[in-house]
Amino acid sequence: MSSSQPETAHETESDPTVEESTFADDRDKPVLQRKPSISEQASARSTRRLAPPSFLKRFEIPFRTKNIQTNQYLEEATGHAMDVAARGTINQTGTFVGAALIRLAIADAASNPNCANPMTCPVYGIRPTSILTVGNIITAVIAGVTMPIMGALVDHTDHRKIMGAASAFIITLSVGLQIMISQDTWFAVYILEIIGGYFLIMHQVTTMAYLPDLTHDLTEMGHYTSMFMIRQYFVQGIYTSTVVAFSQGLKLKNIDTAKLSTSLAFVIGVVLLGYSWTFLFRKRPKLREVPPNSNIFTTGFKQIYVTTQTVFRQYKALKWFMIALLFSPEAGAGTVLAIAVTFLTSYVKMEVNEIATVSLVMLFANIPGALISKLMCRKVNPLNSFRMAEVLFATTNALIAATVTGPERKKLVYFYSALVGVAFGWMFPSQRTLAVAIIPKGQETEIMGLISFFGQVVGWLPAMVFTAMNEAGVNMRWGLSTLSFFLITSCLFTFLCGSFEDAVRLVEHTSEAYLERFSIKDVEVGGSILREVAEEEEAATAEDEGGKGKNGVVVGQSPPQDSSDGDMVKQEKDVAEEAATFGAVHVVSDEGEKARSIQ
């Protein structure tokens, strides 16, 4: 491999018998003994049926994130970085489209000859200034109701990748269709916003199921989540800067700026989401069968109930963390964005370009926030880091409500947006790292789904309170201030988690057992020498030619010793089923054909 080409995890699997490191500088260093993560195993098993042409691989370069232990790139880590960058950009269109929708709704209300004040006259039964928050409520309620079904599809079918790709397609399509926004079509675009928002949440559920597979090391996970957020904020910043520059340079109207933003977001979504879900994310087998007397629609609700009971009984820190998430605004729900755009458009009287500039300041402030998260997770642990970020966010929001008293003080918004950006960039990577640290290993997908559920199930509550106060004619500053109440409440609940060290210690044994049970054994990761893969495959083929091995070979598992043939077959079958849960199965056909691998 040329030294000019970055090394990825899958690139080293082409010759698993290579004995020396592919990094020239590492030749004299001792080989690092490390059991690979599920993502590394899935990448190593891939058949590369859908490999990108070499010229397309250049799209990966800005999104590649090295593992800090192996010094290698991992395909699914690159896929995560591309995915969050695209989602962030698409979510950012709400700044432009949302502000335009409020103005179009106000104009629609003003067309009513009986309307004395367009700001308060109802349109489709609500005030024009409530349309964004009502849309957010609709999205969040539907997501909360259907999320268990989506979680069941992730857990009980092998369609995880298909679900991710399909939701990515719908998100991208819905934002692309919003280019038709006008006075006559604004309500149709509003419906598209709701549809896109719903599938954005569902897409996040799918990607969250992939996240724990990247690594089982807390330091590595903190590094990954921070780097993902930095890339997201950087791409969003470039996107927003481009829209603002063209809008101001060409003196575009609010609607034209909204059209430009949706067009650009559509292109970014096609490129980043299309590439990552076609070439980088791998298939996963289903985690478990649908229980008897259940179906895919009911088993998700039952599973949430059972898993919640287990967590609440056995894992104190995880229990209170999930309860805290009920009050912490989740970025994927768009709650904060809907409230902020409504406040800035209706109360502060900012134009679309001014709101976009506020977003730009916030986005670039997200980057130091993510770096602070990485530092503080290491210095004071992820739990304390999460608390500190929530307090910063709540304090800044309260200052905005107290000091931004009208359009004449709009300049203060630019200063506060930088603080909010730091808080956002700090809070969400810390939240992800904390979640991965305190969940029992081997149950990541199941519990990450539960965490997503708790983060979204009452995500509509802040928007509901804001909307109710707005419809009642209460000053919008009071409605905005309620966000601080929710954040402080969330922070207070985290103090019931107890010691972070105790929480991690409680699940340490599950990590050891999980890695011992499901990882490839005796793998050297310094030059990604996957020697055992070739040895297992060769042994399996030899057995198969001798009339054995009809049950397949499981990589990373030694055959049971000192047992009867019947017991051995049963144990091999059980191990195969369990290993298949995490993509570690290497099946060999009776004819000794090449192993079928996870794409």
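# Exercises on a predicted model

Helices H2 (75–110), H3 (131–156), H4 (160–177), H5 (186–210) and H10 (335–347) each contribute at least two residues to the lining of the second largest cavity. The model is predicted, and the exercises below begin with this cavity.

**Exercise 1.** Describe the second largest cavity by its volume and by its lining residues.

Solution.
- Step 1. The search over the whole structure gives 6 cavities of 30 Å³ or more.
- Step 2. The second largest of them has a volume of about 420 Å³.
- Step 3. Its lining consists of 28 residues, and those nearest the centre are Asn91, Gly94, Glu193, Gly197 and Leu337.
- Step 4. H5 supplies the largest share of this lining, with 7 residues.
- Step 5. Sorted by class, the lining of the second largest cavity holds 14 nonpolar, 13 polar and 1 charged residues. For this sorting, Gly counts as polar.

**Exercise 2.** Lysine 251 has a positive phi; state where in the chain this residue lies and decide whether it is buried or exposed.

Solution.
- Step 1. The phi of lysine 251 is near 55°, a positive value in a residue that is not glycine.
- Step 2. Lysine 251 sits in the loop between helix H6 (218–249) and helix H7 (254–280).
- Step 3. The cut-off for exposed is over 50% relative accessible area. Lysine 251 has a relative accessibility of 72%, so it counts as exposed.

**Exercise 3.** Do the same for lysine 349: give its phi, its place and its exposure class.

Solution.
- Step 1. Lysine 349 is not a glycine, yet its phi is positive, about 60°.
- Step 2. The residue belongs to the loop between H10 and helix H11 (352–379).
- Step 3. Partly exposed covers the range between buried, under 20%, and exposed, over 50%. The relative accessible area of lysine 349 is 40%, so this residue is partly exposed.

**Exercise 4.** Summarise the chain as a whole, then say where the pLDDT is below 50.

Solution.
- Step 1. The chain has 19 helices and 2 strands.
- Step 2. Of its 599 residues, 57% are buried.
- Step 3. Among contacts with a separation of 6 or more, 83% join residues 24 or more positions apart.
- Step 4. The exposed area of the chain is about 24,700 Å², and carbon and sulfur atoms supply 62% of it.
- Step 5. The mean pLDDT is 77, and 77% of the residues reach 70 or more. Over residues 1–32 the pLDDT is below 50, and this stretch has 51 contacts in the model beyond near neighbours in sequence. Residues 517–599 also have a pLDDT below 50, with 136 contacts beyond near neighbours in sequence.

Key: Residues are numbered from 1 along each chain as its sequence is written. This is a predicted model: local features need pLDDT of at least 70, side-chain atom pairs count only at pLDDT 80 or more; totals for chains, interfaces and linings use all residues. Side-chain values use heavy atoms; hydrogens and water are left out. On a 1 Å grid over the protein atoms alone, a cavity is a set of points where a 1.4 Å probe fits but cannot get out, and a pocket is an open set with protein on both sides within 12 Å along at least five of seven lines; lining residues have an atom within 4 Å of a point. Grid points are joined across faces, edges and corners, and a volume is the space filled by probe spheres set on the points. Helices (H or I, at least four residues) and strands (E, at least two) are DSSP runs, numbered from the N terminus. pLDDT is the predictor's confidence in each residue, from 0 to 100. Contact means heavy atoms within 4.5 Å. Buried means under 20% relative accessible area, exposed over 50%, partly exposed in between (1.4 Å probe, protein chains only). Accessible areas come from the Shrake-Rupley method with a 1.4 Å probe; for residues, only the protein chains shown count as cover.
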